[in-house]
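Hi there,

Here is the structure I promised to pass on to you. Have a look at it first, and then read on for what was found in it.

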Amino acid sequence: MTKTNAGNFFEDFRIGQVLRHATPRTLTEGDRALYQALFGSRFSLQSSDEVARKAGYKQSPIDDLLAFHVVFGKTVPDISLNAVANLGYAECRFHRPVFPGDTLSTVSEVIGLKENSDGATGVVYVRSTGRNQRDEVVIDYVRWVMVRKRDKASPAPEAKVPALASAVDASSLFVPQGTSFRGFDVEASGSPHLWDDYEAGEKIDHVDGVTIEEAEHMMATRLYQNTAKVHFNQFTEGQGRFGRRLIYGGHVISLARALSFNGLGNAVLVAAINGGRHVAPCFAGNTVFAWSEVLAKAPLEGRDDLGALRLRTIATKDLPCGAFPGPLEKGYAEGVILDLDYWVLMPRR
Amino acid sequence: MTKTNAGNFFEDFRIGQVLRHATPRTLTEGDRALYQALFGSRFSLQSSDEVARKAGYKQSPIDDLLAFHVVFGKTVPDISLNAVANLGYAECRFHRPVFPGDTLSTVSEVIGLKENSDGATGVVYVRSTGRNQRDEVVIDYVRWVMVRKRDKASPAPEAKVPALASAVDASSLFVPQGTSFRGFDVEASGSPHLWDDYEAGEKIDHVDGVTIEEAEHMMATRLYQNTAKVHFNQFTEGQGRFGRRLIYGGHVISLARALSFNGLGNAVLVAAINGGRHVAPCFAGNTVFAWSEVLAKAPLEGRDDLGALRLRTIATKDLPCGAFPGPLEKGYAEGVILDLDYWVLMPRR
Amino acid sequence: MTKTNAGNFFEDFRIGQVLRHATPRTLTEGDRALYQALFGSRFSLQSSDEVARKAGYKQSPIDDLLAFHVVFGKTVPDISLNAVANLGYAECRFHRPVFPGDTLSTVSEVIGLKENSDGATGVVYVRSTGRNQRDEVVIDYVRWVMVRKRDKASPAPEAKVPALASAVDASSLFVPQGTSFRGFDVEASGSPHLWDDYEAGEKIDHVDGVTIEEAEHMMATRLYQNTAKVHFNQFTEGQGRFGRRLIYGGHVISLARALSFNGLGNAVLVAAINGGRHVAPCFAGNTVFAWSEVLAKAPLEGRDDLGALRLRTIATKDLPCGAFPGPLEKGYAEGVILDLDYWVLMPRR
């Protein structure tokens, strides 16, 4: 029996199956610093213990997306090692902050299966849940991926496609307990614009662009223990579809989030990801730009210090975003690589 | 109203104006490790908690230049986002050590303004002060930058050029309180040469060279939250003056300091920067070399365990320094990229 | 007198000579995170404080090979700055775990000398010992390097070649005290295969490949304060034998160890290195693959929870390892870069 992990094929999944993923991972100040060096984020809550303490945290929390990538990375060896494509995310909620010293683990449950008409692949829906060392849920989300069948002749399972919310309802967003952002220091944060100042329909070009290097996206992806082969192996990828290593889609999400600081400097927390599409692949040498639209605003029950903004952030490659390139009638404007729909929390006046 | 930061233009500055910069930043062991990986420094005081404790510190202090870059980085969005050129530094003093866990913030005061004769740009002089979470000054320095005017038609302000010391006086250098370098372990430090062994006029070729990669200088610069666009955006810079990303001048300073270990292995602390010129731009792929001249020696009042050396360190690109390339009658020898004048502290016999 | 370190030449070594190397180095969570980002290791013991505590550790230990590289790096300025080639390692044992906060130092003793027949070089054998801040031995090993003579006319020393064990005896392996791997969590570790499941002679293709970038190997090597010039200086190396920077052999060892997770996921600790050969040079752009053979199995005295596996791991460049490329009658198959013989510890059923 081979001792190497060949990953699961479509036939290996069944509805209700629970996969407890390896490898638990203790996050530290070291991970935070690497994330800082790789993405250059400037949100003050994740940058300064003093800002965090003033808001009621014991110390500065780990960036929400760093925690997401770690929770996600664990699922790759079991869920998507034989994936053809990552099709989507939904219902991703950030339940509570992660601090240096916390150890994250992930469990996934198969909640949907649907073989494709070609008989060679199928779509697997999983709900993945990241927990800390106290078994408290930190992040959960649904994703669906197209996975190869081991054998085209295998019978198709009964199709089940889960009903998924098109967006996380604002009323179910988690707000960090024991915190207050009343009187949030906007000189320290670098932006005078608070929740009250944004309007649905408002579009913001985040202006700056950042070029990705091979070393950067590989270091980031290894930091998360994400083992998807396409990111690391030029020998094999050089002979493949693109002729080069593909950048982890989450790398673009983190770059877009960091770029969005310029215009959304007080979007202190990511509360939910409603959905996301990696519209086109991204490669080393590409320069990533981003713009955002405010899709909606929502107050948060019991909190007059924080409000929620639903954002759509579009990232592009080698295409500045002054003209807000995005979805077309059919498909997307050339150059668009990410279409992300998510909720952020922002202090109120 | 746009919510993105367009930076300040020359017209936006006035004498006496105080700018409190975003984003406070807590430095940690993670930042230290990244700095180590990026520059390879070997000064024992910053490498070993044991060496630091023996000298009276609670633990190993953060590299002086890492703290400098963080303090400096905060000023970029407000001071130099529209800068044409960084013209100089002066009167930079390191007041006290920074330890993991300290949170640094920066405030700048405009101390000089002078419009250029072209009417399109002007020189802005600021004194920037970095403080820790106890509001203690950690680093202060003056820098002046050439900044674009928003509108050529704007009237020129009254010119004021501050009087700046050509060098920090040795008597005003800060020496870390509660420390003693008596009996400093030169086997641990790797160099037998102490303050007593150096002479004014002595020149030292630091011999080694190190090639810079794009991923390295971008990771370093993001670690400092320095947002200057020219370092990150190949799409735009590829169409610009140099056709490529420009490396943050401070990256070269840190490389030169790390290279200077070979010959100045007991220069445990940087106490002041008297002045610095980025003589020519540096790009990824360049190999940086360095040499130093001892400009002066000074004892330190009340300390017989430490002395000060005033150094001039020249860094070059793709040019070994055995022949001590430096300033010519007019300009600099081809290949010189940095001319830095600074004080270091070194244990005495 | 020059103050730069020119390194030692063959004439500078004498039998019994003890070299106390600079620079003591405190390892932290920052170093662990960088090592994670650079190699992507997934062994659960080094990834999770919770896994480590369950096994009796106070927290997750630093990766054995990270500690090795740091101990090794210190010897470079004194032993191998003028080396022509690293010829081999032997008798390397890992005595006890290293934790964040520990400070490592290295001392070497010259145990063998043999001038080469060309009269221009000689082989130097040293036993290097890494210790923590409590003066406890952490790692010791023998290595031998071919070092240039300063002057061909210098008389040859009396030849002495130490008798070295071809392998560390299983009975002398160090097993971490106060630990128990009874009931080791193989869901958390990601591999169901324990010591009992491996057989001598078994070969495992580790399947995955990872491409190395210049920024990565330089950052790793600087993290260890390894100053060997060939890794960093493209200006000089571009004119040299290979036309490019040479990657530190230890980088390949760490990559191979990380790749070996796929097939050896419960090989929680490296206990000894019996020998290692860097068969061919490795350069940025190469994709590294690896396979392993189980050479032997050994129980550990007094431990029914852990056993030892003697492994031979072969790493290749740009050559997948499905066909187990390795030693030929004479030399090695084209593409092989590393032949490493070592002991790992693995939980038993």
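Let's begin with how two of the chains relate to each other. A turn of 120° and a shift of 0.0 Å along the axis lay chain B on chain A, with an RMSD of 0.0 Å. The two copies are thus related as by a three-fold rotation axis. In chain B, Gly30(B) has the C-alpha nearest that axis, at 2.2 Å. Please keep in mind that this is a predicted model.

Next, the place where these two chains meet. Here 34 residues of chain B are in contact with 45 residues of chain A. Together the two chains bury about 3,100 Å², and 56% of that lies on carbon and sulfur atoms. Three residues, Lys3(B), Arg20(B) and Arg222(B), supply 24% of the area that chain B buries against chain A, which is more than any other three residues.

What holds your attention here may be the charged pairs. There are six salt bridges between chain B and chain A. In one salt bridge, Arg20(B) pairs with Glu187(A), and their closest N and O atoms are 2.9 Å apart. Across this interface there are also 20 residue pairs in polar contact. On the side of chain B that touches chain A, at least two residues each come from strand 2 (25-26), helix 1 (29-39), helix 7 (214-223) and helix 8 (234-237) of chain B. Helix 7 of chain B gives the most, with six residues.

Do the copies meet through matching or different surfaces? They meet through different surfaces, because only 12% of the interface residues of chain B are also interface residues in chain A.

Now look inside chain A. This chain is divided into domain 1 (1-27 + 62-164) and domain 2 (168-349). The centres of the two domains, taken over C-alpha atoms, are 22 Å apart. Their contact takes 23 residues from domain 1 and 25 residues from domain 2 of chain A. The two domains bury about 2,200 Å² between them, with 59% of it on carbon and sulfur atoms. Zero salt bridges are found across this domain interface, but nine residue pairs are in polar contact there. On the domain 1 side, the elements giving two or more residues are helix 4 (64-73), helix 5 (76-80) and strand 3 (83-94) of chain A.

Finally, find helix 9 (residues 249-259) in chain C, where eleven of the eleven residues are buried. Among them are His251(C) and Arg257(C).

Enjoy exploring!

Methods: Residues numbered from 1 in each chain as written. Chains lettered and ligands numbered in written order. Predicted model: local features only at pLDDT ≥ 70, side-chain atom pairs only at ≥ 80, totals over all residues. Heavy atoms only, no water. Buried < 20%, exposed > 50% of the residue type's maximum accessible area, 1.4 Å probe, protein only. Helix = DSSP H or I, 4+ residues; strand = E, 2+ residues; numbered from the N terminus. Least-squares fit on C-alpha atoms with pLDDT ≥ 70 in both. Contact = heavy atoms within 4.5 Å. Domains from an automatic or database assignment. Buried area = accessible area lost by both parts, 1.4 Å probe. Salt bridge = Lys/Arg side-chain N within 4 Å of Asp/Glu carboxyl O. Polar contact = N/O pair within 3.5 Å; in protein donor to acceptor, adjacent residues only side chain to side chain.
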